[in-house]
Amino acid sequence: MATLYTHKEANIAKTWLYLTGFLLLVILVGWVISYTLKSQVILWIAVILSILMSFFSYWYSDKIVLKMSRAKEIKKEDAPELYRTVENLSITAGLPVPRVYIIEEAQPNAFATGRSPKNGVVVVTRGLLDRLDRTELEGVLAHEFSHIGNRDILLSTIVVVLVGVVVILTDFFFRISFWGGMGGRGRDGGQARIIMILLALGLAILAPIFATLMKLAISRKREFLADASGALLTRYPEGLARALEKISQAPEPLRAASDATAHLYIASPFRGREKTSWLHKLFMTHPPTEDRVKALRGMKI
């Protein structure tokens with residue numbers, strides 16, 4: 001019989017399996033380029049540049065996301081019930097009390113950010129507070145606490161670094177190949193250059209797509225993990241299951257959301273785009289709500 005603990009362990013294992021595959025993809029792309037160009041320096045330059053770019057994003061990502069989402073920080077007197085729930089979950093989870101922000105929009109939704117538990121931030125929409133009862137709100141907040149406790153922001157940053165490495169390497173390889181960096185003299189040299197241009201084109205197209213698919217797969221697994229961890233925290237999976245159903249059925253758009261921030265929310269903030277074809281599922285930032293609800297209701301404490 002599956003329990004909350006086995007679901008959590010299975011999702012952790014799958015996440016690290018995907019991340020290992022991601023690392024192997026980066027190594028493979030780097031090896032192909034280094035071998036072809038006969039230079040290890042190019043690989044190291046690309047990696048260092050990507051890490052520096054992502055380092056800045058990691059340290060300032062929470063401020064950027066909060067600004068993009070038009071979230072406003074609130075104090076305890078502004079929403080006493082919300083703050084009491086946050087404080088109680090902090091004690092239960094053994095985490096510092098995060099800062100609390102509200103987005104003044106009708107769609108019920110929420111997300112967490114912050115590079116570490118000490119810098120944790122929980123963001124909820126006004127619609128979430130208006131539509132959910134206490135146990136449902138507690139389930140959503142426990143899910144967000146799980147993202148903070150599971151270091152999902154750190155993992156997301158690592159994945160962003162890896163995607164950046166793949167994109168930079170493949171773009172550089174394609175430009176070098178196309179503009180004659182692989183060229184040679186004579187007929188054999190010309191044939192070799194054509195082959196390298198085709199290889200570079202294939203790598204430039206396919207490698208970023210595979211990297212993006214793996215990033216999204218990791219994101220979906222972290223959502224399942226946060227569901228299981230949140231249910232373990234509250235000891236009441238039904239609260240989060242009901243909350244997810246209400247959130248997914250709300251028709252209002254979330255104007256503050258964008259493609260850059262959609263993966264942060266507990267459920268997709270877009271309405272009218274949730275198709276269920278297998279191809280669309282590959283590019284979804286979140287697992288289908290019905291799958292998450294089914295998993296939560298199948299868990300045993």
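In the predicted model, Arg131 counts as partly exposed, because its relative accessibility of 36% falls between the limits of 20% and 50%. The side chain of Arg131 meets that of Glu252 in a salt bridge, with a distance of 2.1 Å from N to O. This pair links distant parts of the chain, since Arg131 belongs to helix α4 (residues 126-131) whereas Glu252 is placed in the loop between α8 and α9 (278-282), 121 residues apart. Glu252 is likewise assigned to the partly exposed class, at 21% relative accessibility.

Glu252 also bears on the surroundings of Glu105, a residue in the loop between β2 (99-103) and β3 (110-113). The C-alpha atoms of Glu105 and Glu252 are separated by 8.8 Å, although the two residues stand 147 residues apart along the chain. Glu105 has a relative accessibility of 6% and therefore counts as buried, the limit for that class being under 20%. When residues up to four places away in sequence are left out of account, Glu105 touches Arg70, Thr125, Arg126, Gly127, Pro253, Leu254, Arg255 and Ala256.

One of these contacts of Glu105, Arg70, is found in the loop between α2 (40-68) and β1 (72-73). Most residues other than glycine have a negative phi. Against that background, the phi of Arg70 is positive, near 55°, and the residue is partly exposed, with a relative accessible area of 47%. A positive phi, near 65°, is also found for Arg235, which lies in the loop between α7 (186-234) and α8 (237-249). Arg235 is partly exposed as well, its relative accessible area being 39%.

The count of salt bridges in the model comes to 15. Among them is the pair formed by Lys76 and Glu87, in which the closest N and O atoms are 3.3 Å apart. Lys76 is located in the loop between β1 and α3 (80-93) and Glu87 in helix α3, so that this pair, eleven residues apart, is also one that links distant parts of the chain. Both partners are partly exposed, with relative accessible areas of 40% for Lys76 and 24% for Glu87.

A further salt bridge is formed between Arg292 and Asp227, whose closest N and O atoms are 2.9 Å apart. Because Arg292 lies in helix α10 (residues 289-297) and Asp227 in helix α7, the pair ties together parts that are 65 residues apart in sequence. Arg292 and Asp227 are both buried. In addition, Asp133, Glu136, Arg242 and Lys246 are joined into one network by salt bridges that share partners.

With regard to internal space, the structure holds one cavity of 30 Å³ or more, and the largest cavity contains about 50 Å³ of space. Eleven residues line the largest cavity, and of these Gly114, Arg115, Ser116, Ile148 and Ile153 lie nearest its centre. The elements that give two or more residues to this lining are α5 (134-149) and α6 (152-178), with the largest share, three residues, coming from α6. By class, the lining of the largest cavity is made up of four nonpolar, four polar and three charged residues.

Conventions. Residues numbered from 1 in each chain as written. Predicted model: local features only at pLDDT ≥ 70, side-chain atom pairs only at ≥ 80, totals over all residues. Heavy atoms only, no water. Helix = DSSP H or I, 4+ residues; strand = E, 2+ residues; numbered from the N terminus. Buried < 20%, exposed > 50% of the residue type's maximum accessible area, 1.4 Å probe, protein only. Contact = heavy atoms within 4.5 Å. Salt bridge = Lys/Arg side-chain N within 4 Å of Asp/Glu carboxyl O. 1 Å grid on protein atoms, 1.4 Å probe; cavity = no way out; pocket = protein on both sides within 12 Å on 5 of 7 lines; lining within 4 Å. Points joined across faces, edges and corners; volume = space filled by probe spheres on them. Nonpolar A, V, L, I, M, F, W, Y, C, P; charged D, E, K, R; others polar.
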